[in-house]
Amino acid sequence: MTGYASAQRELSHGVLSVELRAVNHRFLDLSLRLPEEFRALEGAIREKLSGRLNRGKLECRLNFNVREAANTQLRLNNALVAELLRLADQVKEHQASAGDLRMADILRWPGVIESDALPTELLQTTALEVLDVALADFLASRAREGTKLAAILLERVEAMDALIAGVKPLLPQIISDYEAKLTLRFVEAIGCGDDDRVRQEMVIFAQKVDILEEIDRLQTHIAELRRILQKGGNAGKRLDFLMQELNREANTLGSKSVSVETTKVAMELKVLIEQMREQVQNIE
């Protein structure tokens, strides 16, 4: 979800530029930095960005740098000034205590001062066009980064698959060895060789330490992870969820482990999952 892009356009009175910067964030968080003459575009810019992006803390900066050499001539809108003064006289007729309209008030009134600079409407339209260029470059750079990240994640997926494929055939023997060891200890502890009682206890313990269910769920999650990465598109939130599920199964696998082999696999799985989780934060 990190990224950077910028675009600019030369105009007769200056340079209009747009800059996009993004860092990781769970949701989409937009921050706009707009000059006063572009404030009216805030809604359109937010709509444009949120329509193309889903996650990330994004800052959008829009600037218009006026050239020093640009000789902008200012003019007074005489008709508007006359109308303001007329309305001021009407107010005083209704409210004698109303103060006079000051020159500063008149000059600050929108539209009173005109110039031969670019019309605001043209500037705003151009700003949206420049934003489109910057956004296209931004999305393209993120797509390239996403392709690289997908390859990295797939390497971790293959490593996880290999770990599980290596330990799964060993599970029956691991359980059998553990049952034999537990049976011996149980008989020694109670001083009784009651086969039925021992058998009942072994069934209970075997159920507690059987990790085949966790192994199967891990394989299911890994298959779904591989499918999402190969499909592409916006997958960050789904990958976040899968990381949580994979971590939960790896933790359970470790807690139920009764052999060095399965404990080692659980630890290596957790390392790989954590590496993937960190990379998933970069994916939209």
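**Following the helices to the pocket**

The crossing of α7 and α8 is left-handed, so let's start with that pair. Keep in mind as you look around that this is a predicted model. Helix α7 covers residues 212–231, and helix α8 covers residues 236–256. Their axes come within 10 Å and cross at roughly 160°. An angle over 145° counts as roughly antiparallel, and α7 and α8 are therefore roughly antiparallel to each other.

Now look at the side of α7 that touches α8. The α7 residues in this contact include I215, L218, I222, L225 and L229, along with E214, R217, E224 and R227. On the α8 side, the partners include L239, L242, M243, L246 and L253, together with R238, E245, E249 and K256. Sorted by class, the contact of α7 with α8 holds 12 nonpolar, two polar and eight charged residues.

Next, move along the chain from α8 to helix α9, which spans residues 260–280. The axes of α8 and α9 come within 9 Å and cross at roughly 165°, which means that α8 is roughly antiparallel to α9. The crossing of α8 with α9 is left-handed. From α8, the residues that take part include L239, M243, L246, A250 and L253, as well as D240, N247 and N251. From α9, they meet V265, A266, L269, K270, I273, M276, R277 and V280. By class, the contact of α8 with α9 has 11 nonpolar, four polar and three charged residues.

Helix α9 also has α4 for a partner. Helix α4 runs over residues 120–167, and its axis comes within 10 Å of the α9 axis, with the two crossing at roughly 165°. That angle makes α4 roughly antiparallel to α9, and α4 passes α9 in a left-handed crossing. In α4, the contact residues are L149, L153, R156, V157, A159, M160, L163, I164 and V167. Opposite them in α9 you'll find, among others, T262, E268, L272, Q275 and Q279. By class, the contact of α4 with α9 has 14 nonpolar, three polar and two charged residues. If you're keeping track of α9, V265, L269, I273, M276 and V280 are part of its contact with α4, and V265, L269, I273, M276 and V280 are also part of its contact with α8.

Finally, where is there empty space to look at? The largest pocket holds about 390 Å³ of space. Its lining is made up of 21 residues, and those nearest the centre are R142, G146, G233, I283 and E284. Two helices met above turn up here again: α4 and α7 each supply at least two residues of the lining. Helix α4 gives the largest share, with eight residues. Split by class, the lining of the largest pocket has 10 nonpolar, seven polar and four charged residues.

Technical notes. Residues numbered from 1 in each chain as written. Predicted model: local features only at pLDDT ≥ 70, side-chain atom pairs only at ≥ 80, totals over all residues. Heavy atoms only, no water. Axes fitted to C-alpha atoms, helices over the stretch in contact; angles between N-to-C directions. Helix = DSSP H or I, 4+ residues; strand = E, 2+ residues; numbered from the N terminus. Parallel < 35°, antiparallel > 145°, perpendicular 65-115°, else oblique. Left-handed = near helix turned anticlockwise from the far one by under 90°. Contact = heavy atoms within 4.5 Å. Nonpolar A, V, L, I, M, F, W, Y, C, P; charged D, E, K, R; others polar. 1 Å grid on protein atoms, 1.4 Å probe; cavity = no way out; pocket = protein on both sides within 12 Å on 5 of 7 lines; lining within 4 Å. Points joined across faces, edges and corners; volume = space filled by probe spheres on them.
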